[in-house]
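Hi everyone, thanks for having me. Today I'd like to walk you through one protein chain, starting with a single strand and working outwards. Please have a look at the picture first.

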Amino acid sequence: MEATMRVEVRSRVPGGERLPDVLIELARERTTVRELIRAAVAEQVRAWRGDHSRCRAMLDRQYLTDAEVRAQAATGVVRLPGRAEADPDPDAEVARAWRAFEAGAFALFVNGVQADALDEEIVLRLGEPVVFVRLTALVGG
């Protein structure tokens with residue numbers, strides 16, 4: 001029987017509150033970026049289940065894409081979606097995180113190297129955290 005791999009996932013967002021660091025369990029050390037994001041986001045949702053509005057705000061801050069912000073700005077106001085008191089749906093949040101990764105809203109670093117694609121195969125190392133970094137456009141360019 002193969003032992004599971006435990007990996008710490010850290011989320012970084014410039015200037016503000018961020019999602020909690022979470023510990024995820026994967027079946028093996030070799031996986032895909034897609035599976036890593038799925039496991040991390042599901043655990044992030046579980047970690048904040050008791051505080052609906054705070055969980056929603058932090059998920060939005062990490063995974064709202066620039067295109068979503070621009071589309072809302074065209075209407076005159078940017079509002080973070082889904083302020084309902086219901087728990088965030090892990091499957092919907094995972095799908096949103098995949099879209100955000102593909103749109104370049106955040107970068108994912110494994111063993112200090114930036115991952116490029118959802119289906120990219122990665123090898124995790126014991127004791128090496130994975131880092132999700134929210135990317136923010138610079139003012140003026």
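Let's begin with strand β7, where the side chains take turns: V130, F132 and R134 point to one face and are buried, while V131 and V133 point to the other face and are not buried. Before going further, please keep in mind that this is a predicted model.

So who are the neighbours of β7? On one side there is β1, which runs parallel to β7 and is joined to it by four bridges. Within that pairing, S11 has F132 of β7 as its bridge partner, and R12 stands opposite V133. Then there is β4, which runs antiparallel to β7 and is joined to it by five bridges. Here A107 is the residue standing opposite V133.

Now let's put the strands together. Five of them make an open sheet, in the order β2-β1-β7-β4-β5, and the pairing is mixed. Which strands are at the edges? Those are β2 and β5, each of which pairs on one side only.

Let's step back to the whole chain for a moment. It has four helices and seven strands. If you read from the N terminus, the elements come as β-β-β-α-α-α-α-β-β-β-β. Of the 141 residues in the chain, 35% are buried. Take the contacts between residues at least 6 apart in sequence: 65% of them join residues at least 24 apart. As for the outside, the accessible surface is about 8,000 Å², and 52% of that belongs to carbon and sulfur atoms.

Next, the inside. The largest nonpolar core has 32 residues, and the ones touching the most other members are I37, Y63, L108, V130 and F132. Two or more residues each come from β1, β2, α1, α2, α4, β4 and β7. Which element gives the largest share? That is α1, with seven residues.

You'll recognise V130 from the buried face of β7. Leaving out residues up to four places away in sequence, V130 touches V7, E8, V9, R10, L36, L108, F109, V110 and L124.

F132 deserves a closer look too. The structure holds two aromatic pairs. One of them is F106 with F132, a stacked pair with 5.3 Å from centre to centre and 25° between the planes. This pair links distant parts of the chain, as F106 is in strand β4 and F132 in strand β7, 26 residues apart. Are these two rings buried or exposed? Both F106 and F132 are buried. Together with F101, they form one aromatic cluster.

There is another ring to point out, and this one has a charge for company. The charged end of R34 sits over the ring of W98, at 5.3 Å from the ring's centre.

I'll finish with a small backbone detail. Most residues other than glycine have a negative phi. What about N111? Its phi is near 55°, a positive value, and N111 is not a glycine. You can find N111 in the loop between β4 and β5.

To recap, if you remember one thing, make it β7: its partners are β1, running parallel, and β4, running antiparallel, and its residues V130 and F132 are among those that touch the most other members of the largest nonpolar core. Thanks for listening!

Conventions. Residues are numbered from 1 along each chain as its sequence is written. This is a predicted model: local features need pLDDT of at least 70, side-chain atom pairs count only at pLDDT 80 or more; totals for chains, interfaces and linings use all residues. Side-chain values use heavy atoms; hydrogens and water are left out. A nonpolar core is a set of buried Ala, Val, Leu, Ile, Met, Phe, Trp, Tyr and Cys residues joined through side-chain atoms within 4.5 Å. Buried means under 20% relative accessible area, exposed over 50%, partly exposed in between (1.4 Å probe, protein chains only). Contact means heavy atoms within 4.5 Å. Accessible areas come from the Shrake-Rupley method with a 1.4 Å probe; for residues, only the protein chains shown count as cover. Rings of Phe, Tyr and Trp (its six-membered ring) pair if their centres lie within 6.5 Å; planes under 30 degrees apart count as stacked, over 60 as edge-to-face and the rest as tilted. A charge sits over a ring if NZ of Lys or CZ of Arg is within 6 Å of the ring centre and within 35 degrees of the ring normal. Two strands pair if DSSP finds at least two bridges between them.
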